[in-house]
Amino acid sequence: MLYIKYLVFIISLFFFQASNLFAEKIVYLNIEKIMKTSKAGESIIKKINETNDENLKKFKKIEENLKNDEQDLITKKNILSEEEFKKKFDLLKKKINDYKVLRQNSIQDITSKRRNASSEFFKKINPILGKYAKDNNISFILQKKNIIMGKTELDITDDILKIIDKEVSKIKFE
């Protein structure tokens, strides 16, 4: 009877070890952290912020000019003839519409540039992730935002961040 218990124990231990050998290795990665803290990601974010700041200054100045034109038109309302007032009002209205179009185009342009830079960033890190997965016998790399809970030992963000900082220093932002 004791012999059968040992035999069952050894066989179950063998199957447990065999199942562990064939288990898939799954890790996760915090893409947002890499984008924000890597040298290439920081350069993208810095350029986006600079472009946004320039645009905000430019649009604020245009808004001030439009408000001044509006105030000027309001003060001259009683002085100007109705026809002349209407012409100036229509001109102001056109300037406002042009401003809105310019602002919308600027927003779309920045969004497009951000998307292109992010795409370029991910094109550059995909081979790095592939090589890391191959070298470390990893079957799956998941995004951290899709993980509810996981062991911190499975987080490879810091390792990948070091590799990316060595291999990818800058991403063009145009």
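Q: Before we count anything, what counts as a helix or a strand here?
A: Both are DSSP runs: at least four residues (H or I) for a helix, at least two (E) for a strand, numbered from the N terminus. Keep in mind that this is a predicted model.

Q: Okay, so how many helices and strands in the protein chain?
A: Five helices and two strands. Along the sequence they come in the pattern α-β-α-α-α-β-α.

Q: And how much of the chain is buried?
A: Buried residues account for 23% of the 174 residues. The protein chain exposes about 13600 Å², with carbon and sulfur atoms supplying 57% of that.

Q: Switching to charges: how many salt bridges in the whole structure?
A: Eight turn up. One of them pairs Glu63 with Arg103, where the closest N and O atoms are 3.1 Å apart.

Q: What does the Glu63–Arg103 pair tie together?
A: Glu63 sits in helix H3 (residues 39–75) and Arg103 in helix H4 (residues 82–135), so the bridge links parts that are 40 residues apart in sequence.

Q: Is Glu63 buried or exposed?
A: Partly exposed, because its relative accessibility is 30%. Arg103 is also partly exposed, with a relative accessible area of 30%.

Q: Which residue does Asp90 bridge to?
A: Lys86, at 3.5 Å from N to O. Both lie in helix H4, four residues apart, about one turn of the helix.

Q: What about Lys113, which partner does that one have?
A: Asp109, with the closest N and O atoms 3.4 Å apart. Lys113 and Asp109 are four residues apart in helix H4, so about one helical turn separates them. Lys113 is partly exposed at 22% relative accessible area, and Asp109 is partly exposed at 38%.

Note on methods. Residues numbered from 1 in each chain as written. Predicted model: local features only at pLDDT ≥ 70, side-chain atom pairs only at ≥ 80, totals over all residues. Heavy atoms only, no water. Buried < 20%, exposed > 50% of the residue type's maximum accessible area, 1.4 Å probe, protein only. Areas by Shrake-Rupley, 256 points an atom, 1.4 Å probe, with all protein chains shown as cover. Salt bridge = Lys/Arg side-chain N within 4 Å of Asp/Glu carboxyl O.
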